[in-house]
Amino acid sequence: MTEPKGVGRHFDEWAPRYDAQIREMVPRYEEIHDTLISLLALRPPRRFLDLGAGTGYTIHRVLEAFGGVTATGLDVSGEMLQRAAQRLYGMDGRVELRSSDIVEPQIEGRYDAIASILAVHHLWPDEKRHLFSRIWEHIEPGGIFVIADYFRPASDRLLELYRMP
C-alpha cells in the first residue's frame with residue numbers, strides 16, 4: 001500500500017510550477033491580493049504574519065505596499081520557503097521565513113495583521129478551530145485577520161447564486 005505523501009511533500013513537488021499554475025486555477029488570484037492590500041490600508045500594519053506563505057507572493061505584495069511593515073511567513077514546504085527567500089531577497093530585516101505547519105503553527109509574538117491565502121482548506125474542521133484559536137492569541141487588539149480560501153457553500157442555492165466564472 002502506498003503511503004500518502006502529505007501536504008509538505010505535495011507542495012515541495014509543486015513549488016517549481018506553483019506561481020504560474022495558481023493563476024490558472026484561481027481566476028481572481030490577483031484580485032484576492034488587491035483586496036488584502038486594500039483591507040490592510042485601512043490600518044497599515046507594523047507586523048504581518050502570513051500563514052501558508054508559499055512562494056512569498058503575499059508577503060512581497062504587503063512589503064511593497066507598506067514601507068514600515070515587517071513580515072513573518074510560515075509554511076510547511078521547504079521548497080516553497082526557498083522560492084519565497086529568492087523572491088524576497090534584498091528585504092533583509094523586514095522578513096522572516098520559518099518552517100511551520102499551520103496545523104500546529106509556531107507563532108511567536110503578536111501581529112497587527114494575519115492572513116492566510118489559499119491554505120486553510122487543507123485543514124480538517126477541528127484543525128481549523130485550533131488554528132483560529134491560536135490566531136486569536138497572537139493578534140493585537142484592533143488587528144485584522146484575513147482569510148481567502150475555498151469553502152463549500154452551505155446549500156446548493158448559495159452555490160448557484162455565487163457561481164464564479
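These are my notebook entries on a helix pair, one residue and the nonpolar cores of this structure.

**Entry 1, the model.** I am working with a predicted model.

**Entry 2, the helix pair.** I looked up how α1 and α4 sit relative to each other. Helix α1 spans residues 6–25 and helix α4 spans residues 78–87. Their axes cross at roughly 35° and come within 7 Å. Next I listed who meets whom. From α1 come Phe-11, Asp-12, Ala-15, Pro-16, Tyr-18 and Asp-19, and they meet Gly-78, Glu-79, Met-80, Arg-83 and Arg-87 of α4. Sorted by class, this contact has 5 nonpolar, 5 charged and 1 polar residues.

**Entry 3, Val-7.** I stayed in helix α1, where Val-7 has its place. Is Val-7 buried or exposed? I noted a relative accessible area of 38%, so Val-7 counts as partly exposed, in between the 20% and 50% cut-offs. Leaving out residues up to four places away in sequence, Val-7 touches Val-76 and His-122. I also checked Arg-47: its C-alpha is 27 Å from that of Val-7, with the two positions 40 residues apart in sequence numbering.

**Entry 4, the cores.** Then I turned to the nonpolar residues. The largest nonpolar core has 16 residues, and Leu-36, Leu-40, Phe-48, Ile-59, Val-62 and Leu-63 have the most contacts inside it. At least two residues of this core come from each of α2 (29–41), α3 (57–65) and β4 (111–117). I picked Leu-40 for a closer look. Beyond its neighbours within four places in sequence, Leu-40 contacts Pro-45, Phe-48, Val-62, Phe-66, Ala-113 and Ile-144. A second, separate core has 13 residues, among them Ile-107, Ala-119, Leu-131 and Ile-139.

Methods:
Residues are numbered from 1 along each chain as its sequence is written. This is a predicted model: local features need pLDDT of at least 70, side-chain atom pairs count only at pLDDT 80 or more; totals for chains, interfaces and linings use all residues. Side-chain values use heavy atoms; hydrogens and water are left out. Axes are lines fitted to C-alpha atoms, for helices over the stretch in contact, and angles run from 0 to 180 degrees between N-to-C directions. Helices (H or I, at least four residues) and strands (E, at least two) are DSSP runs, numbered from the N terminus. Contact means heavy atoms within 4.5 Å. Ala, Val, Leu, Ile, Met, Phe, Trp, Tyr, Cys and Pro count as nonpolar, Asp, Glu, Lys and Arg as charged, and the others, Gly among them, as polar. Buried means under 20% relative accessible area, exposed over 50%, partly exposed in between (1.4 Å probe, protein chains only). A nonpolar core is a set of buried Ala, Val, Leu, Ile, Met, Phe, Trp, Tyr and Cys residues joined through side-chain atoms within 4.5 Å.
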